[in-house]
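Please open the structure in your viewer and keep the sequence panel visible. The stops below each give a selection to make and say what is there.

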Amino acid sequence: MSVLVVVECDGGEVKKSSLEVASYGSQVAQMLGTTATAVAVGEATEANLAQLGEQGITKVLYDAEPRLKDFVNGAYTKLIAAAAQQEDAKVIVLANSNIGAAVGSRLSVRLQASLVTNVIELPKNEGGQFTVKRGAFSGKALADVVLSSDRKILAVKKNSIEALHEAGKTAQVESFSAQLTDADFADAPKQVIMQEQTGGVLLPEADKVVSGGRGMKGPENWNLIEDLAKALGAATACSKPVSDVDWRPHHEHVGQTGITVSPNLYIACGISGAIQHLAGVNSSKVIVVINKDPEAPFFKAADYGIVGDVFDVLPKLTQAVKELG
Amino acid sequence: MKFLVCISNVPDTTTKIAFTPDNKEFNKAGVQFVINPWDEYALTRAIELKEAQGGGTVTVLNVGEADTEPNIRKALAIGADDAIRVNAFPKDAFFVAQQIASIAKDGGYDVILMGKESIDYNGFQVHGMVGELLGIPTVAPAMKLDMSGNTATLEREIEGGKEIVEVNTPFVASCQQPMCEPRIPNMRGIMTARTKPLKVVEPVGDAPRTEVAVYALPPKKEGVKLIPAENAGELIKLLRNEAKVI
Ligand SMILES: Cc1cc2nc3c(=O)[nH]c(=O)nc-3n(C[C@H](O)[C@H](O)[C@H](O)COP(=O)(O)OP(=O)(O)OC[C@H]3O[C@@H](n4cnc5c(N)ncnc54)[C@H](O)[C@@H]3O)c2cc1C
Ligand SMILES: Cc1cc2nc3c(=O)[nH]c(=O)nc-3n(C[C@H](O)[C@H](O)[C@H](O)COP(=O)(O)OP(=O)(O)OC[C@H]3O[C@@H](n4cnc5c(N)ncnc54)[C@H](O)[C@@H]3O)c2cc1C
């Protein structure tokens, strides 16, 4: 019996969300009196995988098959299912990402497992019941869910678990093969197109986000958002109307019908705070709102606020960040 | 070509969420239910593709009790040809996926379209489960879907970019913007929807694998701390020294 953790890598590095997933998995393993093994997908280096020891992982399985560099649903599912069989995994932990959800949902059917996505806390295993807390109703509620199958799959929401860092501990990296064939790569992408990210920070993985709404008046003013984002090392985002009129690309649109983010810091500039916008950002740890209207609903969801004109306030903030050094 | 579009019946996006006194169920009292916003992309795109092909059918499918029928009729008014309702409370995603897979298989559907995720339970999982149950590919979430013969070309969103994926029918895709401009019903649609067939069938399959024990509302924020605009730089100090996020 063991806990299996699915670790997503990109450009050699383990994604930040996967460090959280690994930490989550090793704590579940400890709870169940067993160890946590990771199976790595994407492009990884042995040194970076060995470092997963710091998150409490004892062993990492890695298939260096080059076609696994990009996400392939069929192949990834087969690889992880094979790792789960070999390790006799009772709990499988993955990220609540597009990859995690795509693989997790297929695995749950293949391995006859209970699946819970959007998990935000460590599980409880009491009185024969395995229960875990998840976010529901677009961040407007929480639900404790009981998993009744013998095998359990948990997809952990980003930034809801603190990553462990036990310096000096290393994991043993083993090469692993699921005997993948061409058929497993039938749904491989024909092409992968990555977007340019402000300051190289990926919005869904970002710790900090600076976001602009209609109050920014036009795309020509986005340098104010970008300057602050660059100074902070933040990603940029926007409200739906802003991407609808093409001031900003669609992939920056957050909210109910866009992407959901849960950074440590979300700075909203000239965004009114409509309920559908809040749905995508309300689990951010700290929310800052800059709006000239003191009655803007966003202030009710904010931790810090400035009632003022973005064109006046943003340059001051950027300056203040630069002065911090 | 036969399109199957799965629609979920969810509380309107502006709903204030509340639960029954025992916190075991969502309190439906006074709540307006709508077609899950993402499912509207699936529905409209299916209708557009059918029109472009000059033939075929679009069937809408919902797993739900009789109170979902107004939204099924709305989907018919938007342009679906017929509808199926599996007469059961959607107990969990696996339960729902089994119903969809069973109907998709029996009906020989070529393209099974869904929304990216339901805005109530936010599962983001039914599409993968249906694909696996049927042994066919799932592309989720898809931002673009074009068909040429039996081959579909899709854009799949990945963190920080997109993939171009090609699959042959039958396949499952979950839809999100900017796939199309969701249509709204017109008067003629509303009239004809009344007489379009809506078949009610009983559920099949195994028991659900998850159950909600209790719901709760998230902890309340303490309230906003306002910083005067002329002193904006002070905010940055607070973010560093007090909130410790920069
Ligand atoms: C089904 C559905 C789904 C939706 N999904 C989403 C979603 O996913 N994401 C989303 O964002 N929206 C979504 N919406 C739209 C949402 O309801 C709002 O319309 C939208 O969020 C408003 O965007 P905004 O705040 O940028 O613009 P506005 O509401 O126009 O607000 C602009 C704000 O800027 C302020 N302002 C103006 N000038 C200045 C200035 N110089 N300095 C400072 N402040 C200024 C104003 O006071 C105002 O508060 C959805 C709506 C529906 C019906
Ligand atoms: C009061 C209440 C209690 C619930 N209790 C539980 C519970 O105990 N455990 C649990 O797992 N879930 C529970 N649910 C969630 C409910 O069962 C969901 O409808 C189901 O789990 C599928 O939603 P999802 O978010 O997982 O779907 P997703 O995977 O997010 O949905 C993707 C797509 O699948 C399609 N789809 C989803 N649901 C349906 C449907 N019913 N009919 C047709 N197509 C559909 C839609 O196209 C949707 O866009 C509860 C819901 C309510 C309102």
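The tour begins with the model as a whole, goes on to the contact between the chains, and ends with local features.

**Stop 1: the whole model**

Show both chains. This is a predicted model, and its scores are ipTM 0.94 and pTM 0.93. Colour chain B by pLDDT: the average is 96, and 100% of the residues score at least 70.

**Stop 2: the contact between chain B and chain A**

Select the residues of each chain that touch the other. Chain B brings 73 residues to the contact and chain A brings 83 residues. The size of an interface is often given as the accessible area lost when the parts come together. Between chain B and chain A that buried area is about 6,600 Å², and carbon and sulfur atoms account for 59% of it.

Now select B:E132, B:E159 and B:R209. These residues supply 12% of the area that chain B buries against chain A, more than any other three residues.

Which residue of chain A meets the side chain of B:E159 in a salt bridge? Add A:K158 to the view: the two side chains form a salt bridge, with N to O at 3.8 Å. Across the interface of chain B and chain A there are 4 salt bridges, along with 38 residue pairs in polar contact.

Next, colour chain B by secondary structure. Several elements each supply at least two residues of the side that touches chain A, among them helix 1 (37-53), helix 4 (126-134), strand 9 (161-168) and helix 6 (233-241). Strand 7 (138-148), strand 8 (151-158) and strand 12 (210-216) of chain B are also included. Strand 12 of chain B gives the most to this side, with 7 residues.

**Stop 3: an annotated domain and a glutamate in chain B**

Select residues 23-203 of chain B. An unreviewed UniProt entry annotates this stretch as "domain: Electron transfer flavoprotein alpha/beta-subunit N-terminal". The stretch is 32% helix and 32% strand, and its end C-alpha atoms are 27 Å apart.

Then centre on B:E155, which belongs to strand 8 of chain B. Is B:E155 buried or exposed? B:E155 counts as buried because its relative accessibility is 15%, below the 20% cut-off. Leaving out residues up to four places away in sequence, B:E155 touches B:P141, B:A142, B:M143, B:K144, B:K162, B:E163 and B:I164.

**Stop 4: two cis peptide bonds in chain B**

Most residues other than glycine have a negative phi, and most peptide bonds are trans. This stop and the next show exceptions.

Start with B:P141, one of the residues that B:E155 touches. B:P141 is in strand 7 of chain B, and a cis peptide bond joins B:A140 to B:P141, with omega about -15 degrees.

Move to B:T169 and B:P170. A cis peptide bond joins them as well, with omega about -5 degrees. B:P170 sits in the loop between strand 9 and strand 10 (171-175) of chain B.

**Stop 5: two positive phi values**

Select B:N23, where phi is near 60 degrees. B:N23 is in the loop between strand 2 (9-11) and strand 3 (33-35) of chain B, and counts as partly exposed because its relative accessibility is 31%.

Switch to A:S138, where phi is near 50 degrees. The loop that holds A:S138 runs between strand 7 (129-136) and strand 8 (141-147) of chain A. With a relative accessible area of 10%, A:S138 is buried.

**Stop 6: the annotated binding site in chain A**

Select A:R214, A:G270, A:I271, A:S272, A:G273, A:A274, A:I275, A:Q276, A:H277 and A:N291. An unreviewed UniProt entry places the feature "binding site" at these residues.

Pick out A:A274 within this set. A:A274 is in the loop between strand 14 (265-269) and helix 7 (275-278) of chain A, and is partly exposed, at 34% relative accessibility.

Finish on A:N291, in strand 15 (residues 286-291) of chain A. A:N291 counts as buried because its relative accessibility is 11%. Apart from neighbours within four places in sequence, A:N291 is in contact with residues including A:G270, A:I271, A:S272, A:F299 and A:G308. What does the side chain of A:N291 reach at 3.1 Å? Show the backbone of A:I271: the side chain of A:N291 reaches the backbone oxygen there.

Terms used:
Residues numbered from 1 in each chain as written. Chains lettered and ligands numbered in written order. Predicted model: local features only at pLDDT ≥ 70, side-chain atom pairs only at ≥ 80, totals over all residues. Heavy atoms only, no water. UniProt positions renumbered as here; feature names shortened; annotations may be inferred. Helix = DSSP H or I, 4+ residues; strand = E, 2+ residues; numbered from the N terminus. Buried < 20%, exposed > 50% of the residue type's maximum accessible area, 1.4 Å probe, protein only. Contact = heavy atoms within 4.5 Å. Polar contact = N/O pair within 3.5 Å; in protein donor to acceptor, adjacent residues only side chain to side chain. pLDDT = per-residue confidence, 0-100. Buried area = accessible area lost by both parts, 1.4 Å probe.
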